[in-house]
Amino acid sequence: MIRRASLVGVAALTAGALFAGAAPALASHAAETRAASGSATEEMPELSAEQLRFIEDGMGPEAMAELNRAISQGGDDGEIRPRAFPIAAVAIGAAAWCAKGAVASIPTSVLSDVADGKFSGKGTYVKNAIIGCLGGEIGGVVWKFLPGWVKNKAVSMVAAFIIKYIR
């Protein structure tokens, strides 16, 4: 028992020492990588009035209100959402810029199916890529508690935005 406790202690000290030595290098590398590649929010140009109207019209007032409400409320578990935006349309636009790389090789016809709410075959891959970006942009807790119909509208609008403005 004492031997196990001492081994755990040695392992904790070793891991702490390694982390303390490696953390500055890892942080520096992460900063360089972000600067070189940029994140979805850094690369995304500001949305035009036309793009905002396109998203807001496509989502509809009820879905926009639900998404805005969910974004404005903090997570009950105290989750910090550093990339959550106060306007749902901007989050959808950012998710489209995030997903553009993942769906670059997907034919427009598949994206059109997703935009129309048809999810099958390659559409499932597209939907999952878009959900990953939406969850990152608005916060995972927010995404979990959105009604299914709002989630589906958001995924469809991201696909429609990619077709209309990014491709």
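A residue counts as buried when its relative accessible area is under 20%. Keep that cut-off in mind as we walk through this structure, which is a predicted model.

Let's start with S156, which has its place in helix α9. Its relative accessible area is 12%, so S156 is buried. What does S156 touch, once its neighbours within four places in sequence are left aside? The answer is V114, A115, G117 and F119.

Two of those names take us to helix α6, which covers residues 108-115. Here V110, L111 and V114 are buried. They sit on the same side of α6, because the arc they cover around the axis is only 100°. There's a simple bit of helix geometry to go with this: an α-helix has 3.6 residues a turn, so residues three or four places apart point the same way. And what lies over the buried residues of α6? The cover includes α7 (122-138) and α9 (148-166). Just past the helix, α6 is followed by G117, which has a positive phi, near 90°. G117 has come up already, as one of the contacts of S156.

Now stay with α9 and look for aromatic rings. Searching the whole structure turns up two aromatic pairs. One of them is F54 with Y165: the ring centres are 5.5 Å apart and the planes are at 80°, so this pair is edge-to-face. The pair ties together distant parts of the chain, since F54 is in helix α3 (residues 49-59) and Y165 in helix α9, 111 residues apart. F54 counts as partly exposed, because its relative accessibility is 23%.

The other pair is F161 with Y165, where the centres are 5.0 Å apart and the planes are at 40°, so the pair is tilted. Both of these residues belong to helix α9, and they are four residues apart, about one turn of the helix. F161 has a relative accessible area of 0%, so F161 is buried. Put the ring pairs together and F54, F161 and Y165 are linked into a cluster.

F161 has another part to play, this time where α9 meets helix α5 (residues 88-99). The two helices pack with their axes 9 Å apart, at an angle of about 70°. So α5 is roughly perpendicular to α9. On the α5 side, the contact is made by I92, G93, A95, A96, W97 and A99. From α9 come M157, V158, F161, I162 and I166. What kinds of residues are these? Ten are nonpolar, one is polar and none is charged.

Definitions and conventions: Residues numbered from 1 in each chain as written. Predicted model: local features only at pLDDT ≥ 70, side-chain atom pairs only at ≥ 80, totals over all residues. Heavy atoms only, no water. Buried < 20%, exposed > 50% of the residue type's maximum accessible area, 1.4 Å probe, protein only. Arc of directions from axis to C-beta. Contact = heavy atoms within 4.5 Å. Phe/Tyr/Trp six-rings, centres within 6.5 Å; stacked < 30°, edge-to-face > 60°. Axes fitted to C-alpha atoms, helices over the stretch in contact; angles between N-to-C directions. Parallel < 35°, antiparallel > 145°, perpendicular 65-115°, else oblique. Nonpolar A, V, L, I, M, F, W, Y, C, P; charged D, E, K, R; others polar.
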